[in-house]
Structure formats: C-alpha cells, structure tokens
Amino acid sequence: MRWDADRIREHFPILDRDVGDGEPLVYLDNAATTQTPEQVSSVLAEYYDEYNANVHRGIHTLSHEASVAYEDAHDRLAEFVGADGREELVFTKNTTEAVNLVAYGLSAQRLGPGDAVVTTEMEHHASLVTWQQIAERTGAELRYVDVDEDGTLDLDHAKELVDDDVEVVSVAHVSNVLGTINPVRELADLAHDAGAVVVVDGAQSVPTRPVDVDDLGADFLAFSGHKMAGPTGIGCLYGRRELLEEMEPFLFGGEMIRHVTFDESTWNDLPWKFEAGTPPIAQGVALAAAADYLDDLGMDAVREHENDLAQYLLGKLAERDDVETYGPPPGVERSGLVSFNVDGVHGHDLSEVLDDRGIAVRAGDHCTQPLHDVLDVPGSVRASVYVYNTREDVDALLDAIEDAAAKRDTLLESERYHDRLHDHHLTRQDAGRLDDPTFRKHSAETSCGDDGEFHVDVADDGTIDEIGFVSQSCAVSTAVASLLATDLEGRPVEVLAELDGRVEELLEGQFPDVRRECVVGPEDVIRAGATEHLDAVCEAVESATD
C-alpha cells in the first residue's frame, strides 16, 4: 500500500504553522524529537481532565483508574519491543536515565579492576560518558570498536576486543549521526559467548523500525518517548527479568519499597523497584497511545518510508561537489537521517539559513564529539525525517542549501546583525596563527560545533602586541574573534582577563538571542586564556621569590 504522508500530516497540527517570516514549517529534526499526533496529545488531555491522580497509593476511584492505565501502559510498551511482560519494562525519564540505571546496577555486580566494557566510537554521550564514569569509579577498562570509513563498525576489531575479560557490551542500534544500522545480533552473540551482557541504545531504532529484544539478543534496551511520536519526559528500559531482579536500584524513595524500618528496607516487585517517587503517569499512558499509533501505521512501513526518503536525500547530495555526507553510501539501508556539511559554510550558519526558510534541522556535534573527531570535522548538519515527511520536504531542503554561502552572507548583511560583524566577516575571517605566542587558548568544543584558538603575544610592558586566531567556527563567532583581536591589541593583558560584555558593547547589543553563544563565546575564551597566563606569571614570581 502506498504511504500516504499527506493523510498522516493531518494528525499533526503543528505542521500547519508558519515560522520566521511566514514560511511554512518543514520539520526535519526528528532524530532529536518527533512531533506528536492528536491521537497521543488527546490522551494526555484525557488523563488530566478525567482521572488525574497518583498511582498505587489510593483506594479511591481516580487513583484506581490511573493505576490501571499506568500498568496497562507498561504492558503495551513491553509488547511493542517484544518483552515478556510488564516486569521487564521500566519507565524512566529518557534513554539517558535508562542507560545510567543499567550502568550503575551492573557496575555494582560485575565490574572492577581487570574487567572491561566494550562500546563503539559512534556512541551518543548518554552512553559513552556514562561508561567512562563507571570505568573510572570501578577500575574497569573501557574499549571502543572502530568505525570504518563507510560508517559501519569494524566487526573484526570487535572480535579482538570482546574477550573473557569483558562483562558488558554496549552498542547503539542505530547511529544518530551516521544513520548506520548496526549488526546488534552479531555483537550480542560475541558478547554472550564471552559471558557478557548486552546493553542496546534503541533511541534511534525503536521509533523507526520493528524492534524485538529476543531477535536482537539484547539483555537491556533503552529508548525515549519523545522520539517515537510520544511525549517528553518519559523513556523506557527493557531488561531481562532475571537481571533486573539481581540488580540493586540507584534511586530510592516512595513506590520502590516494600517494607521500611529505621534499620533497613526491602524493595518492591518489578518494575516498580526501579521507579522511585511519583512516576510519569500521564506520559506513560500517552506513550502507550504512541505505540498504538505507530503499530497502526505499521513499523515495517515506517522503516521503508524513512529509508526511501533518506536514500532520496543522500542521492541528491551525492550529486553535489560542495557537499560531504557521512555514513553508509547510497543504496545501503539506513535510518531516516543524513548528516552532511556544505563546503565553506559552518553548520550553525547553514542551520540559520534553513530556519529563515522554515526548515528545521540540527547542527552541531549531536552529542557525539568523539565520533566527529573520528570524522575530523567539528560538527555537521543533520536532516532527519519521520512518518509525516515527504519528498517535497526534502526538495525544500535541497533548494535552500543552493548557494548557501551567498545566503549566509546576505543574512550577515541584514539588520539582524551589526555592520561590524559583516565587515569583519568580509575582511578578516582568519587572522592566522602566531609562530611563538606568549600564550594560546583553545575554545572548549560547543554543541553547535564551533572550534577555534586565540594566539596572544604580550609585550615586555604587559600590553598586547598582537592577537591571532584560527577558526573552524561559524561566521558570527569568527567575525567576533576578529573584532576582539582588533579591539584588544595595545591594551594591558589585565584588561583581557577582566572582559565582561565588551563584545556586546561593540555591537551595541545588536544580535539575535539565538546566536548569543556565538557572540559571547570568543570573549569567554580569550578571557580564560589571559587569566591562566596571569596566574602562571604570578606562580613564577612566587617560585622565584621562594
């Protein structure tokens, strides 16, 4: 049956709105958060309008109705991923909390010096950072499976890493940057042969394709409601019952206890053992409705629709010499997202160009800074489709990125930005590095992918002799760096260490709030560098005196 995206769009009122200067919304940021159909939002309203009450704590009618609906929601989400009943399905706030719950529970049982955790170079920070912290606290080793040039995992490398020391293998089912669909079953078989448990990040897979935990070989699976046409503030953790029963909770309080004395406590049955405090009742009930909605569409059909649009976009981008895409090439099945960069146009700038045309995408590192280091780019632009998107949406994106550099320059010339920014963008985009500066300061990586470094030469009298910089940042941030370099040369280094609002003064407050980080970022960097320099000078003087 032909996919009827136009009919589906009628379920999502937000898609009828205009943004910016009256441009129709083209929503292509679904890998971050999908929109919510009326079939789901109406369930939220019904809960609050008709039976809003706390669960499992009252014998009155509303509490009973809320409790039944909440328990049924567990059953429904368990069914959606092939779990064996509600006992294996824990509600959390999101995928991040679900991964943390597993990591802390397993670390107490399984991890210590001499043990290892295997994960991959393409993991989301929610997983990668969590296992980093667990490794530091337990003394376990953390190993990463390499990503090949085609955006797939190096399975031969995985076979080398998964040995008898490995207790946990943690992998994203689908990469949120590359669109790669990972061979989770093969990795799970490797892990189980080594006696390890398998934790799967399903944030990008559960919303977009049929997922069955038995078919995957997953011992744990984490996913989020807001990426599958559901509400924010709720996620799910599937866990094999015997493993959940062995694990200790890491949140304590009401609901998750069975009996409490002044000396000790015992825990409630699954899944309530892991749901401390008042849970996300309305969100859970609405998430069950989202599962119903997606099953009515058919998850096989959702997967085919996403892949079709992604292949169409990827093929069109591949025809362009000025675009670099990341992940598997055209023709290889992927999820409905494509990450790319346009030559000479920073992702943050391109995102603003697109937003002016009503097109919502995501730009930055997408919570995968190490993966972008592997790709050797500070960030990327990600367009991601869902059930309501069409080829017309993709065509709108493709049209908008034509002559992207010229469109960016036109934006910088507009009344939105101060003339000084446009002037510095044109005349001094990169002041270059200094060969032997007194000090240098690299910017901390930002979520939008800005990356740059100041080089500062201080004269013998303590004044700034010269400031240089190198930048892989957006046009606004680069122009601000140039503006600061010009303004601060000749001033005492102490002035740099005390900078606070200087850029805003120079620009007379004329910049959009949405770009505030781009405007104030360079000032923060050079101030931090000057402060560190002065501290080092003071320490050297004190050491010489001693």
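**Exercise 1.** In this predicted model, work out in which sense strand 16 and strand 17 pair, and over how many bridges.

*Solution.* Start with the general idea: strands of a sheet pair through backbone hydrogen bonds, either parallel or antiparallel. Now look at strand 17, residues 380–384: strand 16 pairs with it in the antiparallel sense, over three bridges. To pin down the register, find Ala363, which stands opposite Val381 in strand 17. Then zoom out: the open sheet has four strands in the order 13-14-17-16, with antiparallel pairing. Its edges are strand 13 (323–326) and strand 16 (362–364), each pairing on one side only. From one strand to the next, the twist averages 30°.

**Exercise 2.** Trace the chain from strand 5 to strand 6 and give the handedness of the crossover.

*Solution.* First check the pairing: strand 5 (residues 116–120) and strand 6 (residues 141–145) run in the parallel sense, over five bridges. One handy marker is Ala116, whose bridge partner in strand 6 is Glu141. Next, follow the chain: strand 5 leads through helix 5 to strand 6, a β-α-β crossover that is right-handed.

**Exercise 3.** Describe how helix 4 and helix 5 pack.

*Solution.* Take the geometry of helix 4 (residues 95–110) and helix 5 (residues 125–138): the angle is about 20° and the axes are 10 Å apart. Angles under 35 degrees count as roughly parallel, so helix 4 is roughly parallel to helix 5. Their crossing is right-handed. Now for the contacts: helix 4 brings residues including Val99, Ala103 and Tyr104, and helix 5 brings, among them, Trp131, Ile134 and Arg137. Sorted by class, this contact has six nonpolar, six polar and one charged residues.

Key. Residues are numbered from 1 along each chain as its sequence is written. This is a predicted model: local features need pLDDT of at least 70, side-chain atom pairs count only at pLDDT 80 or more; totals for chains, interfaces and linings use all residues. Side-chain values use heavy atoms; hydrogens and water are left out. Axes are lines fitted to C-alpha atoms, for helices over the stretch in contact, and angles run from 0 to 180 degrees between N-to-C directions. Helices (H or I, at least four residues) and strands (E, at least two) are DSSP runs, numbered from the N terminus. Angles under 35 degrees count as roughly parallel, over 145 as roughly antiparallel, 65 to 115 as roughly perpendicular and the rest as oblique. A crossing is left-handed if the near helix is turned anticlockwise from the far one by less than a right angle, and right-handed if clockwise. Contact means heavy atoms within 4.5 Å. Ala, Val, Leu, Ile, Met, Phe, Trp, Tyr, Cys and Pro count as nonpolar, Asp, Glu, Lys and Arg as charged, and the others, Gly among them, as polar. Two strands pair if DSSP finds at least two bridges between them. A crossover is right-handed if, with the strands pointing away from the viewer, the path from the first strand over the helix to the second runs clockwise.
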